[in-house]
Each structure stands twice: as structure tokens, then as C-alpha cells.
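Biologist: I would like to go through this structure with you step by step. Please keep the answers short.

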Amino acid sequence: KAKPSLKFAFDSATDEAKLTYAKLLGFMGERDVVSVLIAELREIDRWDAKIYQGSMAEYAHLPTPVDALILALGRTRDRRALPVLLEKLDTLDSNVTLSHHRSLALAFEQMADPMAAEPLARLLNKPGMRGHVMRELEPLSDRPQEKRRRLRSLREIILARALYRCGDWQGLGESILKDYRQDIRGLFARHVSAVLLAGT
């Protein structure tokens, strides 16, 4: 019901207001706003900082303003967005905030386009991106941060899931998901089992 009013407002708005309407309409799947969202994302040459909110902020899904652009583009499922999203994907590595990995993974998952498969596989093959399955009990660690065992696993699973749903690349996504079925953390194991059961 809100979409016609939002489209009218978008057509007559300028600057920041127009971008706000574009993001809202993008989340509603409206493709007429794709060019505005793409233009804005192309202007961004660096990732914004993570959002801190509470003790579990490191793991929570707290999208930044840049993430919101990416997620809105993903929801449109418009292939015109693929080039700029793939450009951003190429800038990711193990040092980049989880929310940026997650927003791109979710966007590609929405599109389920095979063009994203090989780039996602390349990202997963970068140093520090794979091999975070926990197969046996380990001492828990809160500090230092690099010894924590949740963030890297979350990142690996969501990227592998996106890869799998984009058609996979040389079986890498499926292989990673199957590895996590052996993870002693039941939530991870159940999640990847559900993804594999649903198939691509």
C-alpha cells in the first residue's frame, strides 16, 4: 500500500531524501531506483566503520549505511547491480568488518546469479577466510579478539551459503557447508544442514 506514495515522493525528491526513498523502494523490490542506488554505491571508495551496540555487536547483524545500499540493491534482484556489487566484493578480506561480508553475501543470495560464484569462491580462498569449523571442545576465549571462534565461522558460513545458492564453484560452497555439519556448535550444524536440504 505504501509503494505508490513512496514512488511519488521519490520522483519529486532530491539529494539525500531521494536516496532515502530509493533505499526503501529497493527493499520493496522496486527496480526503478536501481540506477540511483548504483550511482551512490560507486561513489563510495572505502568501507564505513562497524556499528557498536551492546556486548554482542561483533556478531549481530547491524548494517552500516553502505551495507544498506548493498542490501537494497540485492532485494531488487536487478542484474544491473552485479558489476558494482562484484567490485565491492573484490575489496573484502579477513580484516574487513563482518557486516560488509554479510550484506554482500545476502545481496548475491537474493540474486542467485552464477556470475557471483567464482568471485565468492576467490574471496573464500583468501588467507584466513576458511577452516573455522570446531569439531571438538576448546577452551573459550573472550580476549584477545583473534582467539574468539564465532565471528570467522559466521563469515565463512554465510559466504559459503551465498556461493552455494549462486550455483557454487567447483563444489567449494557445498564442501564448506558439509564440513560445518560436523561442527559441535549445534546451531551452525543445523543451519547448514537446512541449507543443504533446501538445495540451490
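Biologist: Among contacts in the protein between residues at least 6 apart in sequence, what percentage join residues at least 24 apart?

Modeller: This is a predicted model, in which local features need pLDDT of at least 70, side-chain atom pairs count only at pLDDT 80 or more, and totals for chains, interfaces and linings use all residues. Residues are numbered from 1 along each chain as its sequence is written, and side-chain values use heavy atoms, with hydrogens and water left out. A contact means heavy atoms within 4.5 Å. Among contacts between residues at least 6 apart in sequence, the share that joins residues at least 24 apart is 67%.

Biologist: How many helices and how many strands are there in the protein?

Modeller: Helices (H or I, at least four residues) and strands (E, at least two) are DSSP runs, numbered from the N terminus. Read along the sequence, the pattern is α-α-α-α-α-α-α-α-α-α. The count is therefore 10 helices and zero strands.

Biologist: What is the radius of gyration of the protein?

Modeller: The radius is taken over C-alpha atoms, and the globule rule is 2.2 Å times the number of residues to the power 0.38. For 200 residues the rule gives 16 Å, and the value for the protein is close to that, so the protein is as compact as a globular protein of that length. The C-alpha trace spans about 60 × 35 × 30 Å along its principal axes. The radius of gyration is 18 Å.

Biologist: What percentage of the 200 residues count as buried?

Modeller: Buried means under 20% relative accessible area, exposed over 50%, and partly exposed in between (1.4 Å probe, protein chains only). Of the 200 residues of the protein, the buried share is 46%.

Biologist: How many of the 12 residues of helix 4 are buried?

Modeller: Helix 4 covers residues 65-76, and its end C-alpha atoms are 17 Å apart. The expected span is 1.5 Å times one less than the number of residues, which gives 16 Å here and agrees. The buried residues include V66, D67, I70 and L71. Helix 4 is largely enclosed by the rest of the structure, because the number of its residues that are buried is 10.

Biologist: Which helices do the buried residues of helix 4 pack against?

Modeller: Just after helix 4 comes R77, with a positive phi near 60°. As for packing, the buried residues of helix 4 lie against helix 2 (15-27), helix 3 (34-42), helix 5 (82-89) and helix 6.

Biologist: Is S103 buried or exposed?

Modeller: S103 sits in helix 6 (residues 98-111). Leaving out residues up to four places away in sequence, S103 touches D67, I70 and L71, and these three are among the buried residues of helix 4. The relative accessible area of S103 is 0%, so S103 is buried.

Biologist: What is the relative accessible area of K18?

Modeller: K18 is found in helix 2. Residues up to four places away in sequence aside, K18 touches F10, D11, A13 and V36. K18 counts as partly exposed, because its relative accessible area is 22%.

Biologist: How far apart in space are E174 and H191, C-alpha to C-alpha?

Modeller: E174 has its place in helix 9 (residues 172-180) and is partly exposed, at 29% relative accessibility. E174 touches Y164, D168 and L196, with residues up to four places away in sequence not counted. E174 and H191 are 17 residues apart in sequence, and their C-alpha distance is 13 Å.
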